[in-house]
Amino acid sequence: MELETSRLLLRPPRLADVPALFLFLGDAEAMRHTHVDRSLRQCRRRIAIHERRRRRDGCAPWTVIDKADGRTVGWGGLYEDPFDPGWGIEVGYSFHPDVWGRGYASELVAASVRIADDVLQLAEVRAFARPENTASCRILAKFGFQEVRFVPEMERWLFQRRCGGA
């Protein structure tokens with residue numbers, strides 16, 4: 001499934017996307033609040049595993065493309081984390097530092113909650129954010145996510161949003 005927001009194209013990743021995704025998914029500073037891929041191979045593997053889950057779960061992170069210039073600027077959306085299972089469907093995102101502060105994460109989260117409500121008809125969606133990642137905490141609150149508890153082993157807040165679909 002491909003989606004468009006006012007400024008973004010959201011589509012399943014392709015193998016050809018991996019080098020552009022690795023520019024930020026492999027950047028320790030850009031990914032300081034989450035997992036960093038150490039190599040192109042690791043990045044490709046993570047994306048491939050998520051794509052297998054798309055077939056099973058009906059969702060997985062999208063490649064995020066800026067419609068204005070066709071550049072890959074992010075990766076994210078709804079998914080059940082295959083590397084840390086048991087938390088249910090989450091919304092998560094990562095963006096190239098060049099586009100931080102432009103509201104792209106808000107567009108992605110808005111599209112994700114619409115899919116959760118209207119297409120997947122989920123009962124809830126979760127998200128995680130480190131306390132120091134105040135921008136992500138604000139975005140999640142903006143879309144109805146509420147802090148549930150701090151998860152010490154992850155060093156992150158668990159957020160939850162009740163959906164309208166179930």
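A disulfide is a pair of cysteine sulfur atoms within 2.5 Å. In this predicted model, the count by that rule comes to zero disulfides.

**Cysteines**

The absence of such bonds can be followed residue by residue. The sulfur of Cys 59 has its closest cysteine sulfur in Cys 163, 11 Å away, which is too far for a bond. For Cys 137 the closest cysteine sulfur is again that of Cys 163, at 19 Å, and this too is too far for a bond. Cys 59 counts as buried, with a relative accessibility of 5%. Cys 137 is likewise buried, at 16%.

**Nonpolar cores**

In soluble globular proteins, nonpolar side chains tend to be buried together. The largest nonpolar core of this model comprises 33 residues, and those with the most contacts inside it are Leu 10, Leu 78, Val 91, Phe 95, Val 109, Val 125 and Phe 145. Two or more residues each come from strand 2 (8-11), strand 3 (62-66), strand 4, strand 5, helix 3 (104-119), strand 6 and helix 4 (134-142). Helix 3 gives the most, with nine residues. Leaving aside residues up to four places away in sequence, Val 109 touches Val 91, Tyr 93, Ile 139, Phe 143 and Phe 145. Another core, of 10 residues, lies apart from the largest one; among its members are Phe 24, Ala 30, Val 36 and Cys 43.

**Aromatic pairs**

A search of the whole structure finds four aromatic pairs. One of them joins Trp 87 and Phe 128 in an edge-to-face arrangement, with 5.0 Å from centre to centre and 85° between the planes. Trp 87 lies in the loop between strand 4 (72-80) and strand 5 (89-95), whereas Phe 128 belongs to strand 6 (residues 124-129), so the pair ties together parts that are 41 residues apart in sequence. Trp 87 is buried, at 15% relative accessible area, and Phe 128 is buried at 16%.

The rings of Tyr 93 and Phe 95 form a tilted pair, because their planes stand at 45° to each other, with the centres 6.2 Å apart. Tyr 93 is buried, with a relative accessible area of 19%, and Phe 95 is buried with 6%. Together with Tyr 104, these two residues form one aromatic cluster.

**Salt bridges**

Side chains of opposite charge can pair when their charged atoms come close. The count for this model comes to 15 salt bridges. The table presents some of them.

| Basic residue | Acidic residue | Closest N to O distance |
|---|---|---|
| Arg 46 | Asp 37 | 2.9 Å |
| Arg 53 | Glu 80 | 3.7 Å |
| Arg 130 | Glu 155 | 3.1 Å |

The bridge between Glu 80 and Arg 53 links distant parts of the chain, with Glu 80 in strand 4 and Arg 53 in helix 2 (residues 40-57), 27 residues apart. Both Glu 80 and Arg 53 are buried. A network of salt bridges links Arg 53, Arg 56, Asp 57 and Glu 80. In the pair of Arg 46 and Asp 37, both residues are buried as well.

Arg 130 and Glu 155 also form a salt bridge. Arg 130 is placed in the loop between strand 6 and helix 4, and Glu 155 in the loop between strand 7 (146-151) and strand 8 (156-162), so this pair ties together parts 25 residues apart in sequence. Arg 130 is buried, with a relative accessible area of 14%, whereas Glu 155 counts as partly exposed, at 48% relative accessibility.

Terms used. Residues are numbered from 1 along each chain as its sequence is written. This is a predicted model: local features need pLDDT of at least 70, side-chain atom pairs count only at pLDDT 80 or more; totals for chains, interfaces and linings use all residues. Side-chain values use heavy atoms; hydrogens and water are left out. Buried means under 20% relative accessible area, exposed over 50%, partly exposed in between (1.4 Å probe, protein chains only). Rings of Phe, Tyr and Trp (its six-membered ring) pair if their centres lie within 6.5 Å; planes under 30 degrees apart count as stacked, over 60 as edge-to-face and the rest as tilted. Helices (H or I, at least four residues) and strands (E, at least two) are DSSP runs, numbered from the N terminus. A nonpolar core is a set of buried Ala, Val, Leu, Ile, Met, Phe, Trp, Tyr and Cys residues joined through side-chain atoms within 4.5 Å. Contact means heavy atoms within 4.5 Å. A salt bridge is a side-chain nitrogen of Lys or Arg within 4 Å of a carboxyl oxygen of Asp or Glu.
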